[in-house]
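Biologist: I'm new to this one, so please pick a part and take me through it closely. Then carry on to whatever sits against it.

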Amino acid sequence: MSTIEIEGRVFEVDGDGFLADPHIWDEEVAKLIAKHDGIEEMNDKHWAIVNIIRKNWEEKGMAPMVRTICKETGVRLKEIYELFPLGPARGACRVAGLPKPDGCV
Amino acid sequence: MDGFNEDMKLKGLEPLRVNGDSRLLTHLNACVHCGLCAESCVYYQVYKDEHFVPAKKVDIVSSIYRRYNTFSGKYFPWLTKARELDEKTIEEMVDLLYGTCTMCDRCTVHCSIGVDIGYLVRTGRTMLANMGYVPATLQSTVNAAINTGNNMAIPLDEFTDTIEWLEEDLQMEVEDDNARIPLNEKDKDILYTLNPREPKFFPLSISAMAKVFYAAGESWTLSTRMYDVTNYAYFSGNNEEAEIIAQRLFDEMEATGSKRCVLAECGHGSRSFRWEGPNYMGKEFHFDTLTSVELLAEYIRSGKVKVDSGKNTERVTLHDPCNLVRSGGIIDEQRYILKNTVSDFVEMTPHGTNNLCCGGGGGQLSMSEYNERRMKIGGLKAEQIKNTGAKIVVTPCHNCVDQLIQINAAYKLGVQIKTMAEVVADALIIDK
């Protein structure tokens, strides 16, 4: 297991930088991971996306389809890729504290 | 290395029982250690570590072969550097064969005497898979595919909902309520496949392909039961699981009565179904299978779709997926497409058969264990891209797309990454 240090806080993460224990996640952690990815300030849209991802994971045990993210948040698809340049998986899901999704992501 | 025992060892040695397999026998015994493969390898180029030289990867497999299958190896192993298959060897195999190889086959193409190095690495992975030593993160993706029918475990209703959403979008885009993304239709000319990352997170490529199908007036369908083009068991080395996954697509071709199977832009998916699939299943396909790159080129060449290269004016470069170019020989089609759909196309150096792997192949993208190495070898690709001055990098492989997205961010390239279908869709002229 690796660790990353962001602004003095140390997190245990997998090799891809996803939280080893998704349960330690809170808003403060989200802000720090976002910062680590170059997102200096989380805006309302960032939060809406992260919250729906988190909710879906807590209820269904997996990340939502990007379709669900768009529907629930009202954010346009192309804008999601601008808000999270690493995409919904390595970008948004990581900020939301989820384990890394399987597949080509 | 918990619980290694004699039973597992026998299973591990099984793939080396040559039994008249002259291909395996030849390649296991042919390496002359000339060392020319070293510079072929992206890992060696970056790390300059002699352990990463492809010949070393061949060595570890062939030294185990000698230990158990040759007279000298059985009785005088030290004379032929024959190696015991024990925990120490296994640990080294896992690190070398899974952790420092993208199965890009560049070494195979460069080998001075033609040793199929990629095949031996895959054989070594099969040995490890037989013993249960597939890295957990890689196995997890295989399990998702086996257990749920797609490698991201997308539930059926969520998949259908996404496709319906994309269909509505398409209708708005082309201003035609009859534009469709057909699901589960029988007796169509084409059964199209997807990489699950498309419906899950990156559906623009589905929209793009659907738009091209619309423009071509194609008779096509997707199947909700089996749409996954990927086969991660090709990466893990587990041939039984590879067969199960390939068989599903084969069965779906029969169930839907489709004439041609079109594989989404996915290097290993194309390889594992079209070129390896018949071997896994031990039978020939009685239907045509082709990659979407070939189909897109066919549409443009035949005039079935009209395109205008003036619609894509930014500088574009092309990343060649290893499995398509080196293993599949699909080299000219993607260039033909780009020459017709973009006005400023520049090649990377090197490119085509000699192209460098993006670093995400061989299952690397899914294996968190080796993330640091993956991003480091990706630096070579970043340099190649930078040197072209391109603003857009196109690649006909979703796996490469994801690695390129990460390279783009990590090396601050400031480029856009697109699939082939997206570029073609942007260049389309649709007659009303």
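Modeller: Let's start with the overall build of chain A, keeping in mind that this is a predicted model. A compact globule of 105 residues would have a radius of gyration near 13 Å, and chain A has 13 Å, so the two agree. Along its principal axes, the C-alpha atoms fill a box of roughly 35 × 30 × 25 Å. Buried residues make up 47% of the chain's 105 residues. Now take the contacts in chain A with a separation of 6 or more: 48% of them link residues 24 or more positions apart.

What is chain A made of? You'll find five helices and two strands, and along the sequence they come as β-β-α-α-α-α-α. Strand 1 (residues 2-6) and strand 2 (residues 9-13) of chain A run antiparallel, joined by five bridges. If you want one pair to look for, I4(A) has F11(A) in strand 2 of chain A as its bridge partner. Two residues lie between the strands of this hairpin, and there E7(A) takes a positive phi near 45 degrees. As a bit of background, strands of a sheet pair through backbone hydrogen bonds, either parallel or antiparallel.

Next, see where chain A meets its partner. The contact takes 19 residues from chain A and 32 residues from chain B. On the chain A side, helix 3 and helix 5 (87-95) each supply at least two residues. Helix 5 of chain A gives the most to that side, with four residues.

Helix 3 of chain A is a handy bridge into chain B. Helix 3 (66-73) is among the elements that cover the buried residues of helix 10 of chain B, and so are helix 11 (197-200) and helix 12 (204-216) of chain B. Helix 10 of chain B (residues 156-174) has 19 residues; at 1.5 Å a residue it should span 27 Å, and its end C-alpha atoms are 27 Å apart, which agrees. Its buried residues are F159(B), T162(B), I163(B), W165(B), L166(B) and L170(B). These cover an arc of only 160 degrees around the axis, which means they sit on the same side of helix 10 of chain B. That pattern is easier to read once you know that an α-helix has 3.6 residues a turn, so residues three or four places apart point the same way. Turn to the other side of helix 10 of chain B and you meet D157(B), E168(B) and M172(B), which are exposed. Just after this helix, E175(B) takes a positive phi of about 50 degrees.

Further along chain B there is an open sheet of four strands in the order 2-1-3-4, with parallel pairing. Strand 2 (220-221) and strand 4 (288-291) of chain B are at the edges with a single partner strand each, so one side of each has no neighbour in the sheet. Strand 1 (residues 190-192) of chain B pairs with strand 2 of chain B in the parallel sense over two bridges, and I190(B) stands opposite W220(B) there. Helix 15 (residues 267-275) of chain B packs on this sheet, touching strand 3 (260-263) and strand 4 of chain B, and its direction makes about 155 degrees with that of strand 3 of chain B. Helix 17 (residues 292-302) of chain B lies across strand 3 and strand 4 of chain B, at about 85 degrees to strand 4 of chain B.

Chain B also holds an open sheet with the order 7-6-8-9, again four strands with parallel pairing. Strand 7 (345-346) and strand 9 (416-418) of chain B are its edges, each pairing on one side only. Strand 6 (residues 316-318) of chain B pairs with strand 7 of chain B over two bridges, in the parallel sense, with T317(B) opposite V346(B). Helix 19 (residues 332-341) of chain B packs on the sheet and touches strand 6, strand 7 and strand 8 (392-394) of chain B, its direction making about 175 degrees with that of strand 6 of chain B.

Let's finish on that helix. The buried residues of helix 19 of chain B are E333(B), Q334(B), I337(B), L338(B), N340(B) and T341(B). They fall within an arc of 165 degrees seen down the axis of helix 19 of chain B, so they line one face. Among the elements covering them are helix 17 and helix 22 (420-427) of chain B. On the other side of helix 19 of chain B, D332(B) and K339(B) are exposed.

Definitions and conventions
Residues numbered from 1 in each chain as written. Chains lettered and ligands numbered in written order. Predicted model: local features only at pLDDT ≥ 70, side-chain atom pairs only at ≥ 80, totals over all residues. Rg over C-alpha atoms; globule rule 2.2 N^0.38 Å. Buried ≥ 20, exposed ≤ 12 C-beta atoms within 10 Å, placed from the backbone. Contact = placed C-beta atoms within 7 Å. Pairing = 2+ DSSP bridges. Axes fitted to C-alpha atoms, helices over the stretch in contact; angles between N-to-C directions. Expected span 1.5 Å × (residues − 1). Arc of directions from axis to C-beta.
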